[in-house]
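Here's a short briefing to help you find your way around a protein model. Keep the picture open and look for each spot as we get to it.

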Amino acid sequence: MEVKEIECKSCLTPCGIEGIDYAINPYIGCQHSCNYCYADFMKRFTGHSGEDWGQFVDVRTNIAEVLAKELEKKKPGSVWLSSVTDCYQPLERKFQLTKGILEAFAASKNGRKFELQILTKSSLVERDFGVLKELNAEVGLTVNTLQDKCSKAIEPFASPASERIRVLKKAKKSGLKTYAFFGPVLPGITDLEALFSEMQDLDFVFVEMLNTKPTVLARMIPLMKKEFPEEFRQWNELMGNPEQYYESLKKEATRLEKQFGLKVKAVIKH
Ligand code: SF4
């Protein structure tokens with residue numbers, strides 16, 4: 001893993017995702033190395049074309065100072081941390097960029113005019129519950145299985161599934177607006193009903209299908225064959241039919257939303 005400290009010129013970047021005005025990515029690259037990650041396209045734009053995703057991280061050391069200046073003049077809006085990295089990946093323990101960003105929002109007279117949404121796969125987020133509460137931020141963790149064995153195979157360097165669920169429940173109990181991101185739902189592996197049941201007390205959830213772009217399938221097919229040989233056939237059939245995969249996911253999410261009274265904000269298609 002090559003870790004490089006760099007300086008950045010901007011922090012709040014316009015975000016193409018519906019309902020989100022800005023994204024903040026404190027790091028370029030991600031140590032979590034999830035096998036289904038589709039943020040690897042970032043390699044092209046950041047001078048990392050020849051490297052493997054998960055093998056490099058650029059640390060944008062001055063990002064909190066840049067943000068503090070931007071908050072003076074940028075139009076308030078909704079902000080997502082993070083769109084193409086995990087803002088609580090292990091390096092955050094040392095560099096504390098995400099913590100600095102949250103403190104910059106809290107210190108700015110305009111900071112509370114922005115609506116913050118955090119999404120992570122790391123229990124490190126609990127370190128910042130205090131400032132997240134102060135900012136009225138929405139705190140989300142991605143979960144696609146209740147089994148640590150599965151999360152370890154799919155997302156090898158993220159917190160185990162059981163840890164993420166513990167943190168979600170703690171966040172909710174501490175009064176934070178809390179959501180789970182059920183994604184990607186892997187046919188044959190993800191028990192969506194069990195996830196809804198386990199997390200029915202949260203404020204809302206997202207449900208997401210797997211991105212079936214070729215670079216993702218090139219990693220997922222060998223992984224599925226090796227780790228989940230019995231489920232591979234069912235999974236692979238739906239990968240070849242993304243429309244059917246999405247429609248069945250949408251139907252199931254609607255059914256479970258009613259059954260558990262847990263709001264589904266969106267079923268995300270790729
Ligand atoms: S945590 Fe997100 S950005 Fe990081 S590797 Fe996993 S999917 Fe990609």
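What follows is a quick tour by topic, from the overall layout down to single residues.

This is a predicted model, so treat what you see as a computed picture. The protein chain splits into two parts: domain 1 covers 1-136 and domain 2 covers 142-270. An open sheet of 8 strands and a ligand with its own shell of residues are two more things to look for.

**The two domains**

- If you mark the C-alpha centre of domain 1 and that of domain 2, you'll find them 23 Å apart.
- Where the two touch, domain 1 puts in 17 residues and domain 2 puts in 25 residues.
- On the domain 1 side of that contact, helix α5 (residues 129-134) gives the largest share, with 3 residues.
- Sorted by class, that side of domain 1 has 7 nonpolar, 6 polar and 4 charged residues.

**The sheet**

- Walk across the open sheet and you'll meet its 8 strands in the order β2-β3-β6-β7-β8-β9-β10-β11, with mixed pairing.
- Which strands stand at the edges? They are β2 (13-14) and β11 (264-268), and each has a single partner strand, so one side of each has no neighbour in the sheet.
- Strand β7 (residues 115-120) and strand β8 (residues 138-142) run parallel, and 4 bridges join them.
- To see one residue pair up, find Q117, whose bridge partner in β8 is E138.

**Helix α2**

- Helix α2 spans residues 63-73, and its buried residues are I63, A64, L67 and L71.
- Look down the axis of α2 and those buried residues fall within an arc of 90 degrees, so they line one face of the helix.
- Turn to the other side of α2 and you'll see E72 and K73, which are exposed.
- What covers the buried residues of α2? The cover includes β5 (56-60) and α4 (97-107).

**Around the ligand**

- Nine names to click on here: C30, H32, S33, C34, C37, A39, T85, D86 and K121 are the residues around the ligand.
- By class, this shell divides into 4 nonpolar, 3 polar and 2 charged residues.
- S33, one of the residues around the ligand, is found in the loop between β4 (27-28) and α1 (42-45).
- Is S33 exposed or only partly exposed? It counts as partly exposed because it has 18 C-beta neighbours inside 10 Å.

**Unusual backbone spots**

- Some background first: most residues other than glycine have a negative phi, and most peptide bonds are trans.
- S33 has a positive phi, near 55 degrees, and isn't a glycine.
- N136 isn't a glycine either, and its phi is positive at about 55 degrees.
- You'll find N136 in the loop between α5 and β8, and N136 is exposed, with 11 other C-beta atoms within 10 Å.
- The peptide bond from L81 to S82 is cis, with omega near 0 degrees, and S82 lies in the loop between β6 (78-81) and α3 (91-95).
- Another cis peptide bond runs from G183 to P184, with omega near -15 degrees.
- Where does P184 lie? P184 is in strand β9 (residues 177-185).

Methods:
Residues numbered from 1 in each chain as written. Predicted model: local features only at pLDDT ≥ 70, side-chain atom pairs only at ≥ 80, totals over all residues. Near = placed C-beta within 6 Å. Nonpolar A, V, L, I, M, F, W, Y, C, P; charged D, E, K, R; others polar. Domains from an automatic or database assignment. Contact = placed C-beta atoms within 7 Å. Helix = DSSP H or I, 4+ residues; strand = E, 2+ residues; numbered from the N terminus. Pairing = 2+ DSSP bridges. Buried ≥ 20, exposed ≤ 12 C-beta atoms within 10 Å, placed from the backbone. Arc of directions from axis to C-beta.
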